[in-house]
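Student: Please take a close look at one part of this model, the contacts with nucleic acid. Then go through the other local features that deserve a check.

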Amino acid sequence: MNQLNILPPEPFNEETFDQIQQELVQRINLQNSFNKEDIRLVAGVDLAYWEEEGRTRAVCCICVVDYTTHEIVETKSLQDEIKVPYIAGYLSFRELPLILDTFNQLENDPDLVMFDGNGYLHPRHMGIATHASFYLNKPTIGIAKSYLRIQDTDYEMPASESGAFTDIVIDGEIYGRALRTQQQVKPIFVSCGNGIDIDTSTEVTLALINKESRLPIPVRQADLETKKHRAARR
DNA sequence: GCGACAG
DNA sequence: ATCTTGTCGC
């Protein structure tokens, strides 16, 4: 039902996708729409896929974590068939319908949402974290495990200590950061989703890191949950 | 034809 | 994202 609001009429192609995003990109807010002291619950979102009877299915898991104690407050999962193909640069159209339906199942109201993928660090500043924010009406952060090269711009490797980062600057603008969350472990790519600035995005991400992973706890937890559900699917 | 390509 | 063997490390 949410898909009717997020997806353009078929057939799906880059032109119709672009038309929707060009409207939203003008509304991006790269400043905090909240007070840092008020952050209590942070949600992490991830999906896992598989093939079933020639169809692509996926499960979306959202984990809500207490920002200060890191306790897992809630986990919700929902699965469905995925009909939108993956097109690099248009990930949000493929994953948002299921994400929005899953989000509506939450009993808690997170203050912030973290995504597995980019936000502002995107050729059109419309990575999934940014795009999703307009439907969730929540500040969002993009967390990508690999680098999406934009305009032939490579990133500078940050120093090997945890907390070290390098800005990814294109045309004098900070698109995102390569952030080292664990010493001697490859960096992750953090960017603003919407309603948050890059320094706060970095700060929140680092505050949710533990020894178990280079990914912040909400996203890591959602990733684990998603694979658990796929293994037990049916 | 070849390389790129978040998830 | 998923597939997939071995291998190194706690």
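Tutor: In sorting a surface by residue type, Ala, Val, Leu, Ile, Met, Phe, Trp, Tyr, Cys and Pro count as nonpolar, while Asp, Glu, Lys and Arg count as charged and the others, Gly among them, as polar. The model is predicted. On that scheme, the residues of the surface near DNA strand C divide into 2 nonpolar, no polar and 2 charged. The residues in question are A48, Y49, K145 and R230. By the scheme, A48 and Y49 are nonpolar, and K145 and R230 are charged.

Two of these residues approach the phosphates of DNA strand C. From K145, a polar side-chain atom lies 2.9 Å from a phosphate oxygen of the strand. From Y49, the atom concerned is a backbone N or O, at 3.3 Å from a phosphate oxygen. Both pairs count as polar contacts because the cut-off is 3.5 Å.

DNA strand B has 17 residues around it, and those that come nearest are Y86, G89, L91, K145 and S146. K145 is thus listed for DNA strand B as well as for DNA strand C. With DNA strand B, K145 uses a polar backbone atom, which is 2.7 Å from a phosphate oxygen; with DNA strand C, K145 uses a polar side-chain atom.

Bases of DNA strand B are also reached. A polar backbone atom of G89 is 3.2 Å from a base nitrogen of this strand, and a backbone N or O atom of N118 lies 3.1 Å from a base nitrogen. Of the strand's atoms within 4 Å of the protein, 47% belong to sugar or phosphate, with the rest in bases. The surface near DNA strand B divides into 6 nonpolar, 6 polar and 5 charged residues.

L91, one of the residues that come nearest to DNA strand B, is also where helix α3 (residues 91–103) begins. At 1.5 Å a residue, the 13 residues of α3 should span 18 Å, and the end C-alpha atoms are 18 Å apart, so the two figures agree. The helix nevertheless bends by about 35° at P97. α3 is mostly covered, with 12 of its 13 residues buried. Among the buried ones are the charged residues R94, E95 and D101, and P97 at the bend is buried too.

Next come the backbone checks. Most residues other than glycine have a negative phi, and most peptide bonds are trans. E53, in the loop between β1 and β2 (55–66), has a positive phi of about 55° although it is not a glycine. Q184 has a positive phi of about 60° and lies in the loop between β7 (173–179) and β8 (188–194). E53 counts as exposed because its relative accessibility is 77%; Q184, at 63%, is exposed as well. The peptide bond from E10 to P11 is cis, with omega near 0°, and P11 sits in the loop between α1 (3–6) and α2.

Two loop serines complete the list. S33, in the loop between α2 (14–25) and β1 (41–52), is exposed at 51% relative accessible area, just past the cut-off of 50%. Leaving out residues up to four places away in sequence, S33 touches P139 and G195. S213 lies in the loop between α5 (198–207) and α6 (217–231) and is buried, with a relative accessible area of 11%. With the same sequence neighbours excluded, S213 touches Q182 and R220.

Notes. Residues numbered from 1 in each chain as written. Chains lettered and ligands numbered in written order. Predicted model: local features only at pLDDT ≥ 70, side-chain atom pairs only at ≥ 80, totals over all residues. Heavy atoms only, no water. Near = heavy atom within 4 Å. Polar contact = N/O pair within 3.5 Å; in protein donor to acceptor, adjacent residues only side chain to side chain. Helix = DSSP H or I, 4+ residues; strand = E, 2+ residues; numbered from the N terminus. Expected span 1.5 Å × (residues − 1). Bend = angle between axes of the 7 residues up to and from the residue. Buried < 20%, exposed > 50% of the residue type's maximum accessible area, 1.4 Å probe, protein only. Contact = heavy atoms within 4.5 Å.
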